[in-house]
Amino acid sequence: MRILAKDISSLVTVSGENNKPRKGKLLNEIGEIKNGALYFDEKILWVGTTTEAEIKLQNGEIKPDKIVSLKNKTILPGFVDSHTHLVFAGDRSEEFSKRIAGATYQQIANEGGGIISTVTAVRNSTENELFENSCKYLESAIRYGTIAFEIKSGYGLDTKNEIKMLKVIERLSKEFPVYIVPTFLGAHDIPPEYKFYPDEYIKLICDEMLPRVSELGLAKYCDCFVDKGYYTIEQAKKIFDTALKFGLKIRMHADELADVGAAEFAATIGAVSADHLLFVSDKSIQALKNSATIATLLPGTSYFIRMPYAPAKKLIENDIPIALATDFNPGSCFTENMQIILSLAVINLGLNCEQAIVASTINGAHSLELNDKIGSLEIGKDATFIVFDCKNYLEIFYHFGVNNVEMVWINGKRFW
Ligand code: NIG
Ligand code: FE
């Protein structure tokens, strides 16, 4: 069915120079069309103003089966959440309660909580239980406007349970019409049974897990938590070198808890994305500047575990492309809502609204290498977009803490 949506008060296309992740001034260009019109079937057939659309209607250049008027509405390409841990089991509300009483994320982890408590819950869950739990969050995230996801394993930490998680991710991608990109994060933490033999665990990742994951085609990327108290650069290098041999690309949890030079390492090893960067050093910023690595910022985590915010403005001034994502997980950031992340990005990271939109749409799409399909509303791309009950895009930020999404359209069909 061909549909013409017209009278769109604020049609944010993010069209333009999209062959590379946006940086510098290009982060400000959202390609807004006021009183816009969008003509689509499963793909976008044409984009312009309502006046132009009416002329095309009259002279028969476009022949829609249906015309809808979206006065006082705003359309965006849909958010790309390029860093999530959406598949998990159990809950860590007790930990949360300790944290609001003053305990730190690291103290809780040192006492046996943190990632390891979710590992226990995941190991004790069946694939079906994990799947059901994940469906709930995935559907919720879509209702908040996310149309593409990266989802990591990393709560199994043994071959059987890591594969179980990746199979759940595969199943989600079959059952939902959104894009889901799987990442193997066997190196999220050291599992308790290897606590005193970390190198043995790294050997298991390299000799058993990665070959198996690759053989089953269950992951596109390999991630590692390179940080104080987790993996060292030297350990991560062994894992990444093996991952590259097996055809997986690299993304990295880098310098979230301390500066360990992880971002510089990400840049030099050719990671697609270096994420968190709360403590990124000037030296690492220089390395990122001279690389193709995207800096993925996760302000929800800084907020939720009361940590400093990444130096977003400095990264932008240094011409580094940035993306925004949730880091959705039960410990350090329990929200699947990208609208909250955009709000935190403008209030606490210091981005402007346009930069936040570009970082959460086309740059997220670049980070997942889906930029030829999603991230902007241009002819030939998927007819996947979000209708907000907002008179203009600023209102998405201005009216915060509510769900401004009115409709989600995926490949030309209304999801919600
Ligand atoms: O991105 N940093 C490592 N992993 C997650 C936290 C996961 C958890 O606490 O369960 C993060 O913050
Ligand atoms: Fe994370």
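Two strands are taken to pair if DSSP finds at least two bridges between them. With that in hand, a good place to enter this predicted model is the pairing of strand β11, residues 273-276, with β12, which runs in the parallel sense over three bridges. One of the residues involved is D275, whose bridge partner in β12 is T296.

Strand β12 itself covers residues 294-297 and is covered on both of its faces. In a regular strand, side chains alternate between the two faces of the sheet. Here I294 and T296 lie on one side, A295 and L297 lie on the other, and all four are buried. T296 thus appears twice in this picture, as the bridge partner of D275 and as a buried residue of β12.

Stepping back to the whole molecule, the protein chain holds 16 helices and 16 strands. Its radius of gyration is 21 Å, close to the 22 Å that the globule rule gives for 416 residues, so the chain is as compact as a globular protein of that length. The C-alpha trace spans about 75 × 45 × 45 Å along the principal axes. Buried residues account for 61% of the 416 residues. Of the contacts with a separation of 6 or more, 73% link residues 24 or more positions apart.

Turning to the surface and the charges, the chain exposes about 16300 Å², and carbon and sulfur atoms supply 51% of that area. There are 45 positive and 53 negative side chains, with the centres of the two sets 2 Å apart.

A few individual residues are worth a visit. N161 sits in helix α6, which comprises residues 159-175. Its relative accessibility is 4%, and because buried means under 20%, N161 counts as buried. Neighbours within four places in sequence aside, N161 is in contact with V122, R123 and G156.

Backbone geometry draws attention to two further positions. Most residues other than glycine have a negative phi. D7, however, has a phi near 60°, a positive value in a residue other than glycine. This residue belongs to strand β1, residues 3-12, and D7 counts as buried at 17% relative accessibility. N72 also has a positive phi, near 65°, and is likewise a residue other than glycine. Its setting is the loop between β4 (66-69) and β5 (74-76). With a relative accessible area of 42%, N72 is partly exposed. The two positive phi values therefore occur in a buried strand residue, D7, and in a partly exposed loop residue, N72.

Conventions. Residues numbered from 1 in each chain as written. Chains lettered and ligands numbered in written order. Predicted model: local features only at pLDDT ≥ 70, side-chain atom pairs only at ≥ 80, totals over all residues. Heavy atoms only, no water. Rg over C-alpha atoms; globule rule 2.2 N^0.38 Å. Buried < 20%, exposed > 50% of the residue type's maximum accessible area, 1.4 Å probe, protein only. Contact = heavy atoms within 4.5 Å. Areas by Shrake-Rupley, 256 points an atom, 1.4 Å probe, with all protein chains shown as cover. Lys, Arg positive; Asp, Glu negative; His and termini not counted. Charge placed at Lys NZ, Arg CZ, Asp CG, Glu CD.
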